[in-house]
Amino acid sequence: MTIAGIPPAPLPADQALQRLREGNRRFVQHIRIPDAAGERSALAAGQSPFASILSCSDSRVPSELVFDQGLGDLFVIRVAGNVVAPSLIGSVEFAAATFGTRLVVVMGHSRCGAIKATLDSIQHSVDSPSENIRDIVDRCRPAVESVVHAAGPNVDGQRLVHEAVRANVRQSCAHLRHGSRLLERLIQEEGLMVVGADYSLDTGEVDFFDGMPR
């Protein structure tokens, strides 16, 4: 939101992360902050999201609800498997360059269908029903294969999916950190932070586990 046509200063990444943590805590505890009156009309002229969220398209993982945020607070990019492709990097770049967002969160979730499809492809040679779905599986494959090879034949299936979800998040974070000259510069010079997270469908909690500040 702007005041007298002047956009607000970008929220530092650590403060943005704390705001997300607090919002998720409210979500888990079923405490919601009501939307401000007139928010929609005020945002019609412009936006100033304080964080970008690259998350899975799963209907059970709506970022605005998970983090208890309102209209205009988050720049959300959703794609099955929270994979990274050129257009998705471009979306993150757009928010960082245009709105000054200095926090990017890549959020996977428990029991992810894209990860299960990738495991089926690796372990059982199950083919994808279309070339476009295969493209998503192929983007997840390197991270998931590394988990399968490290786990061995007797690993628990649920544990394997859990570890594969997190490996895929780490892979997407690495692609954002090192696959864009613009984001690399903002990380080095302006404090942009790329953080990986894992959302639990059972508890509603978000675990930030990759790229956290020390």
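**Helix H5, the E4–E5 hairpin and the spaces around H7**

H5 is followed by Ser125, whose phi is positive, near 55 degrees. The model described here is predicted. Ser125 is not a glycine, and yet its phi has a positive value. The residue sits in the loop between H5 and H6. Ser125 counts as exposed because its relative accessibility is 65%, and exposed means over 50%.

The helix before this loop, H5, spans residues 113-124. Twelve residues make up H5. From its first C-alpha to its last, H5 reaches 15 Å, close to the 16 Å expected at 1.5 Å a residue. Six residues of the helix are named as buried: Ala114, Ile115, Thr118, Leu119, Ser121 and Ile122. They lie on the same side of H5, because they cover an arc of only 160 degrees around the axis. In an α-helix, residues three or four places apart point the same way, because there are 3.6 residues a turn. The buried residues of H5 are covered by elements that include helix H6 (131-151) and helix H7 (157-178).

A second region of interest is the pair of strands E4 and E5. Strand E4 covers residues 193-199. Strand E5 covers residues 206-210. The two run antiparallel, and four bridges join them. Ala197 stands opposite Phe208 of E5. Six residues lie between the strands of this hairpin. Gly204 takes a positive phi there, near 85 degrees. Strand E5 is mostly covered, with four of its five residues buried. In a regular strand, side chains alternate between the two faces of the sheet.

Helix H7 also holds Arg166. Arg166 is buried, because its relative accessible area is 13% and the limit for buried is under 20%. Beyond its neighbours within four places in sequence, Arg166 is in contact with Asp198, Asp207 and Phe209. Asp207 and Phe209 fall within the range of E5, residues 206-210. Asp198 falls within the range of E4, residues 193-199.

Asp198 appears again at the largest pocket. This pocket has a volume of about 300 Å³. Its lining is made of 15 residues. Nearest its centre lie Ser110, Arg111, Gln158, His162 and Asp198. H7 and E4 are the elements that give two or more residues to this lining. The largest share, five residues, comes from H7.

Enclosed space was examined as well. The count comes to one cavity of 30 Å³ or more. The largest cavity holds about 30 Å³ of space. Val83, Val84, Arg139, Asn168, Gln171, Ser172 and His175 line it. Here too H7 supplies the largest share of the lining, four residues.

Ser172, one of the residues lining the largest cavity, is found in helix H7. Ser172 counts as buried because its relative accessibility is 2%, and buried means under 20%. Residues up to four places away in sequence are set aside in its list of contacts. On that basis, Ser172 touches Asn82, Val83, Val84 and Val106. Val83 and Val84 also line the largest cavity.

Two loop positions lie earlier in the chain. Pro62 has its place in the loop between strand E1 (51-55) and helix H3 (63-66). Pro62 is partly exposed, because its relative accessible area is 21% and the limit for buried is under 20%. Pro62 and Val76 are 14 residues apart along the chain. Their C-alpha atoms are separated by 9.2 Å.

Asp68 follows in the loop between H3 and strand E2 (74-78). Its phi is positive, about 50 degrees, although Asp68 is not a glycine. Asp68 is buried, because its relative accessible area is 5%. Ser125 likewise has a positive phi without being a glycine. In burial the two residues part: Asp68 is buried, whereas Ser125 counts as exposed.

Definitions and conventions
Residues numbered from 1 in each chain as written. Predicted model: local features only at pLDDT ≥ 70, side-chain atom pairs only at ≥ 80, totals over all residues. Heavy atoms only, no water. Expected span 1.5 Å × (residues − 1). Buried < 20%, exposed > 50% of the residue type's maximum accessible area, 1.4 Å probe, protein only. Arc of directions from axis to C-beta. Contact = heavy atoms within 4.5 Å. Pairing = 2+ DSSP bridges. 1 Å grid on protein atoms, 1.4 Å probe; cavity = no way out; pocket = protein on both sides within 12 Å on 5 of 7 lines; lining within 4 Å. Points joined across faces, edges and corners; volume = space filled by probe spheres on them.
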